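Work through the following exercises with the model open beside you, and try each task before reading its solution.

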Amino acid sequence: MSHRQDSPERRGIDRRRFLTTAALGGATIVGASALGGLDADAAFAAPMPSLDPAIAKSAFAEGRITAINGSVLEVAGSYGDQHLIQLTNATSVWKLRPTTAEEIKVGDGLYARGVDMPDGTIAADAVWVNIVNLYCTVKGIAKDRLHLAHGAQDHAVVGRIVADTTTASYLGGALTSDLSRVRIGQSAQILGAWRPEDDAIDIARVTVGH
Amino acid sequence: MACGSTSLWAGETTWFCCGSSWGPCGSAGGGACGTCNSSAHQAAWPNASAACFSITRPDLCGENMARRGCGSVMNVRHQCSGATVCVTVADCGPRTQSFCGESTCCNGSCRTNRVIDLTPAAFSVIGNLSSGKLPVYIYE
């Protein structure tokens, strides 16, 4: 039995064609699973090339969402710039976990990667909503949260432990739901989703260091 | 300065935010070089200066990388996909010593120790932000 496997370059080109076609055709939003395989773990299992090997520069946008009009996100960049992010059937959405566009709210922060379109929008290949990846020191441990210090000024951050979601990795080891080995004073990399409503972070993964 | 192809180092890359931003990243500031911006293709290097090196201490993990100060240019390539991004050093980091021995793998091949940090714009060129870290080769 034969088994055809496309090259990474071939997959990248096919993906971009699908993405731009979907954007130009005004595709409806169906969320991250339309093409599948773009969440973190899947990306590791099948390493994906940059958005498209045929183009030297993908588009990138950062900022907070000020309005949602259909499948277009209006985004105010942190330097006064404005972006229109077009979501398509091919857009991968992450908000604490791989999810759908319905989870995106006005006031959320985001990073978006995609392709510049002729109408000035960015057709998004991936949108990471409220994602943060902070180097912290563990200052306190409670049943449902970690008290953390981040940055040169030891900015206080509350990291919420989310049932069935938060995992830990100890020095890069396999992910586990067991957080019992986290200790006060340890260094920790916190990958999670910022919560605009209370400025806390829902923890997706805590990587514990020395 | 153009990005080159001379091998410099290999290891893990993570990502970090800097410059004006939202949420907890809003307090990050412009980094050690004063120019760091999450939307630019920039990086943090553990030996950006002597003061930087005294914080990151990659040598404690056996990583004695050369000094490359603010404005130095590097090519960072995902070890498996081959995706590449050209970055400029704009900050000090990551804290290599805090994660000595940590490995990140793809296709059965692993890179050990955090040796470079990328801005979200740069990291997203070669991988998925939600992965948090990637195994990379670095060139100059």
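On a 1 Å grid over the protein atoms alone, a pocket is an open set of points where a 1.4 Å probe fits, with protein on both sides within 12 Å along at least five of seven lines, and its lining residues have an atom within 4 Å of a point. Grid points are joined across faces, edges and corners, and a volume is the space filled by probe spheres set on the points.

This is a predicted model, in which local features need pLDDT of at least 70 and side-chain atom pairs count only at pLDDT 80 or more, while totals for chains, interfaces and linings use all residues. Residues are numbered from 1 along each chain as its sequence is written, chains are lettered from A in the order in which they are written, and side-chain values use heavy atoms, with hydrogens and water left out.

**Exercise 1.** Describe the largest pocket and its lining.

Step 1: the volume of the largest pocket is about 840 Å³. Closest to its centre, among 37 lining residues, are Gly151(A), Ala152(A), Asp91(B), Cys92(B) and Arg95(B).

Step 2: sort the lining by class, with Ala, Val, Leu, Ile, Met, Phe, Trp, Tyr, Cys and Pro as nonpolar, Asp, Glu, Lys and Arg as charged, and the others, Gly among them, as polar; this gives 20 nonpolar, 12 polar and 5 charged residues.

Step 3: assign elements, where helices (H or I, at least four residues) and strands (E, at least two) are DSSP runs numbered from the N terminus. Strand 8 (131-141) of chain A gives the largest share, 5 residues, and the elements that each supply at least two residues include strand 9 (145-150) of chain A and helix 1 (50-56) of chain B.

**Exercise 2.** Trace the pairing of strand 9 of chain A with strand 8 and strand 10 (residues 155-161) of chain A.

Step 1: two strands pair if DSSP finds at least two bridges between them. Strands 8 and 9 of chain A run antiparallel with 5 bridges, a hairpin of 3 residues connects them, and Ile141(A) faces Leu146(A).

Step 2: strands 9 and 10 of chain A are also antiparallel, over 6 bridges, with Leu148(A) opposite Val157(A). Their hairpin has 4 residues between the strands, and there Gly151(A) takes a positive phi near 85°.

**Exercise 3.** Characterise the interface of chain A and chain B, and then locate a salt bridge elsewhere.

Step 1: contact (heavy atoms within 4.5 Å) takes 45 residues from chain A and 45 residues from chain B.

Step 2: a salt bridge is a side-chain nitrogen of Lys or Arg within 4 Å of a carboxyl oxygen of Asp or Glu. The rule finds 0 across this interface, although the structure holds 11 over all chains.

Step 3: one of them joins Asp108(A) and Lys95(A) at 2.8 Å, N to O. Asp108(A) lies in the loop between strands 5 and 6 of chain A and Lys95(A) in the loop between strands 4 and 5, so the pair ties together parts that are 13 residues apart in sequence.
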